[in-house]
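The following note sets out points for a colleague reviewing this model. Please read them alongside the coordinates.

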Amino acid sequence: MYNSCNIIEHVIDTWEKLQAQAPLVQCITNSVAANYAANVLLAAGASPAMIDNPFEAESFTQISGALSINTGTPTTEQMHAMMISAQTAHKHHIPWVLDPVGYGPILKWRSDAVDALLQYNPSVIRGNASEISALAGRLTQSKGVDSILKSDEMFHHAQHLLTKTSCVAISGETDYILSNAMTCIVKIQGGSHLQPRITATGCALGALVAAYCAVAPVHLATITAHVHFAIAGKLAFDQAQTVGSFNIMFMDYIHMLDANLIEQYARIELISDD
């Protein structure tokens, strides 16, 4: 049984496992996010590999600790690799994260591909409120791939996705995490309003979720990744209030997170899903 105190202990334990194991994470991500996501994983203590060639996908997924798939700028070849890697991960019980960037009626080709990927039961589906709402069947207007919904406007409607995945994470000013392993919804606060002003922060968060999934149960991994980002964003903004300086400090705090900072700054609330 979890409460707001002992869940922080689980978060610290999960963070320590990432530091000890430095898992290999295969990332099939978008062209805007690849470099940033790789640097975030390195700063956090994981080992990224941006393998997105369909001729290499199956063999590499098999040796990976986890897989992250992001549909931000998919090419035909990359989408083929996504299908191969997702199928391989599903077959070999390798945790994988689906970040359905841009999902919705406007970008039909990628959205149809995301629907196809769901047959391989991602361990985690992570996205902003617009993407998660659209994926849950409540189609909304969205501005490009950015969210115009707040995460707290629709997290109840995301329950439907738990038939396709073990865990759903909705990112925004406040993050919400739903899981088949928990009877409550996890609410995580922190971060900074500057994070969405930096390209690929959300995409990198999906990759970090995958990294933690390689070392811990999916629900704890997802919570820990979001706490990691929230604390780094909060502490970075305490030091720097302009976008460029904030970005540097954010990466520094991704790297400098430790048990003491988690215990001091984690803002986790468990709320009823009624």
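1. Both faces of strand 6 are covered: Cys167, Ala169 and Ser171 on one side, and Val168 and Ile170 on the other, are all buried. Buried here denotes under 20% relative accessible area, exposed over 50%, and partly exposed the range in between (1.4 Å probe, protein chains only). Strand 6 spans residues 167-171, and five of its five residues are buried. Helices (H or I, at least four residues) and strands (E, at least two) are DSSP runs, numbered from the N terminus. In a regular strand the side chains alternate between the two faces of the sheet.

2. On provenance, this is a predicted model, in which local features need pLDDT of at least 70 and side-chain atom pairs count only at pLDDT 80 or more, while totals for chains, interfaces and linings use all residues. Residues are numbered from 1 along each chain as its sequence is written, and side-chain values use heavy atoms, with hydrogens and water left out.

3. Strand 6 has partners in strand 5 and strand 7. Five bridges join strand 5 to strand 6, and the two run parallel; two strands count as paired if DSSP finds at least two bridges between them. Ile125 has Val168 of strand 6 as its bridge partner. With strand 7 (residues 174-179), strand 6 pairs in the antiparallel sense over four bridges, and Ala169 is bridged to Ile177 there. Two residues separate strand 6 from strand 7 in the hairpin that they form.

4. Strand 4 (residues 96-99) is likewise covered on both faces, with Trp96 and Leu98 buried on one side and Val97 and Asp99 buried on the other. Strand 3 (residues 66-70) pairs with strand 4 in the parallel sense over four bridges, and the partner of Asn70 in strand 4 is Asp99. Between these two strands the chain passes through helix 4 (residues 76-91), giving a right-handed β-α-β crossover. Right-handed means that, with the strands pointing away from the viewer, the path from the first strand over the helix to the second runs clockwise.

5. Strand 4 also pairs in the parallel sense with strand 5 (residues 124-128), over two bridges. Val97 is bridged to Val124 of strand 5. The chain crosses from strand 4 to strand 5 through helix 5 (residues 108-117), and this β-α-β crossover is right-handed.

6. What does Leu67, in strand 3, touch? Leaving out residues up to four places away in sequence, its contacts (heavy atoms within 4.5 Å) are Gln26, Ile28, Ser85, Ala86, Ala89, Pro95, Trp96, Val97 and Ala210. Leu67 counts as buried because its relative accessible area is 0%. The C-alpha atoms of Leu67 and Ala210 are separated by 6.1 Å, although the two residues are 143 apart along the chain.

7. Ser68, also placed in strand 3, is buried at a relative accessible area of 4%. Outside its neighbours within four places in sequence, Ser68 contacts Gln26, Cys27, Ile28, Val97, Gly206, Ala207 and Ala210.

8. Ser68 is also one of the residues lining the second largest cavity, together with Cys27, Thr29, Ala37, Asn70, Cys203 and Ala207. On a 1 Å grid over the protein atoms alone, a cavity is a set of points where a 1.4 Å probe fits but cannot get out, and lining residues have an atom within 4 Å of a point. The second largest cavity has a volume of about 30 Å³. Strand 3 and helix 7 (201-213) are the elements that give two or more residues to its lining.

9. The largest nonpolar core has 62 residues, of which Ile223, Ile262 and Ile268 touch the most other members. Such a core is a set of buried Ala, Val, Leu, Ile, Met, Phe, Trp, Tyr and Cys residues joined through side-chain atoms within 4.5 Å. Beyond four places in sequence, Ile262 touches Ile8, Val11, Ile12, Trp15, Ile231 and Leu257. Apart from the largest core lies another of 34 residues, including Tyr103, Ala134, Ile170 and Ile185.

10. Two backbone angles merit a look. Ala22, in the loop between helix 1 (6-21) and strand 1 (24-28), has a positive phi near 45° despite not being glycine, and is partly exposed at 37% relative accessible area. Ala200, in the loop between strand 8 (184-189) and helix 7, has a positive phi near 80° and counts as buried at 10% relative accessibility.

Technical notes. On a 1 Å grid over the protein atoms alone, a cavity is a set of points where a 1.4 Å probe fits but cannot get out, and a pocket is an open set with protein on both sides within 12 Å along at least five of seven lines; lining residues have an atom within 4 Å of a point. Grid points are joined across faces, edges and corners, and a volume is the space filled by probe spheres set on the points.
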